[in-house]
Amino acid sequence: RQAHDIKVEYLEDGSFEAWSSDWKSHPELTVSCLFEGQLIGVAYGRPSPRKDGDVILEGIAVIQPHAGQGIGSQLLHFFERQAEKGGHSSVSLGSAGGYVEHFYMKNGYRPVEFVCWVSADYDLPVALKHKFGLADEPLPDDTRRLSVSVQSLDNELRDRLMADLGVADVVAIMEKDCRIRAGETQWHHSERTRHGGPEGAP
């Protein structure tokens, strides 16, 4: 319940029942951090429906006054280790801009796509599709996913996409290989950070 409360306050709305159902489906993909018995941070995700072996990080938050002390990075790394231990090879996430993108890049994530979602009847001019090299994918919920591959966080390109497509947001999809490499320290559920340590339960 505490993890859900942090999620609602810092990240996104949603019922506790839906949150609990997602956690029960993939408990290893919800990790939290305790300090003196208080839950101060949470990270959660789910397997990607688009890419085998990939996990989508749906949210990560550290409450005040504990933010800005490196706990978010430790929580993120523990989430990645849990994903790897669950048989997944990568973690991806979406960001609509701001300082958080630099946080993820500092932690080894790289931009791979710019994406926006439009209605099924959106009129995409052929000239714009060719100009940006857009992929246009219809989705089951009567929307379409427009995307362009990138190799860097090109915010000028992002601004041009928003202006030319007439959309409010273009999301950067960022990705990281989460497989443990030789010489890399492994995390465990029993391991603790200086603020009490990540735990594998909401």
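1. A pocket, as the term is used in this note, is an open set of points on a 1 Å grid with protein on both sides within 12 Å along at least five of seven lines, and its lining residues are those with an atom within 4 Å of a point. The structure under review is a predicted model. In the largest pocket, 45 residues form the lining, and Leu57, Glu58, Leu93, Gly94 and Tyr104 are the ones that lie nearest the centre. The volume of this pocket is about 1,300 Å³.

2. Composition of the lining. The lining of the largest pocket consists of 22 nonpolar, 13 polar and ten charged residues. Strand β3 (54-62) provides the largest share, namely eight residues. At least two lining residues each also come from β2 (38-47), α3 (71-85), β4, α4 (99-106), β5 and β8. Both helices and strands therefore contribute to this wall, given that helices and strands are assigned as DSSP runs.

3. Overall architecture. The protein chain holds six helices and nine strands. Of its 202 residues, 44% are buried. When contacts between residues at least 6 apart in sequence are considered, 67% of them join residues at least 24 apart.

4. Strand β8. Which strands pair with β8? Strand β4 (residues 90-95) does so in the antiparallel sense, over six bridges, and strand β5 (residues 110-119) is also antiparallel to β8, with five bridges joining the two. On the β4 side, Val91 has Lys176 of β8 as its bridge partner; on the β5 side, Arg110 stands opposite Glu175 of β8. Strand β8 spans residues 171-177, and because six of these seven residues are buried, the strand is largely enclosed by the rest of the structure.

5. Arg158. This residue belongs to helix α6 (residues 155-165). Is Arg158 buried or exposed? Its relative accessible area is 5%, and Arg158 is therefore buried, the cut-off being under 20%. The side chain of Arg158 has a polar contact of 2.7 Å with the side chain of Glu101. Beyond residues up to four places away in sequence, Arg158 touches Ser95, Ala96, Gly97, Glu101, Phe114, Val170, Val171 and Ala172. For orientation, Ser95 falls within β4 (residues 90-95), Glu101 within α4 (99-106), Phe114 within β5 (residues 110-119), and Val171 and Ala172 within β8 (residues 171-177).

6. Glu113. A second charged residue that merits inspection is Glu113, in strand β5. Its relative accessible area of 19% places Glu113 among the buried residues, since the category extends to values under 20%. The assignment should be read with that cut-off in mind. The side chains of Glu113 and Ser147 are joined by a polar contact of 3.4 Å. Apart from neighbours within four places in sequence, Glu113 is in contact with Arg145, Ser147, Val148, Ser149, Val150, Val171, Ala172 and Ile173. Val171 and Ala172 also appear among the residues touched by Arg158.

7. Ile56. This residue lies in strand β3, the element with the largest share of the pocket lining. The C-alpha atoms of Ile56 and Gly94 are 8.5 Å apart, although 38 residues separate the two along the chain. Gly94 is itself one of the residues nearest the centre of the largest pocket. Residues up to four places away in sequence excluded, the contacts of Ile56 are Tyr44, Gly45, Arg46, Ser48, Pro49 and Ser92.

8. The β1-β2 hairpin. Strands β1 and β2 are paired antiparallel through six bridges, and they form a hairpin with two residues between them. Leu34 stands opposite Leu39 of β2. Glu36, in the turn, has a positive phi of about 50° although it is not a glycine. With a relative accessible area of 72%, Glu36 is exposed.

9. Further backbone points to check. Where is Asp142 placed? Asp142 occupies the loop between β6 (135-138) and β7 (143-149). Asp142 also has a positive phi, of about 65°, without being a glycine, and at 59% relative accessibility Asp142 counts as exposed. Separately, Gln64 and Pro65 are joined by a cis peptide bond, with omega about 5°. Pro65 sits in the loop between β3 and α3, and each of these two elements supplies at least two residues of the lining of the largest pocket.

Note on methods:
Residues numbered from 1 in each chain as written. Predicted model: local features only at pLDDT ≥ 70, side-chain atom pairs only at ≥ 80, totals over all residues. Heavy atoms only, no water. Buried < 20%, exposed > 50% of the residue type's maximum accessible area, 1.4 Å probe, protein only. Helix = DSSP H or I, 4+ residues; strand = E, 2+ residues; numbered from the N terminus. Pairing = 2+ DSSP bridges. Polar contact = N/O pair within 3.5 Å; in protein donor to acceptor, adjacent residues only side chain to side chain. Contact = heavy atoms within 4.5 Å. 1 Å grid on protein atoms, 1.4 Å probe; cavity = no way out; pocket = protein on both sides within 12 Å on 5 of 7 lines; lining within 4 Å. Points joined across faces, edges and corners; volume = space filled by probe spheres on them. Nonpolar A, V, L, I, M, F, W, Y, C, P; charged D, E, K, R; others polar.
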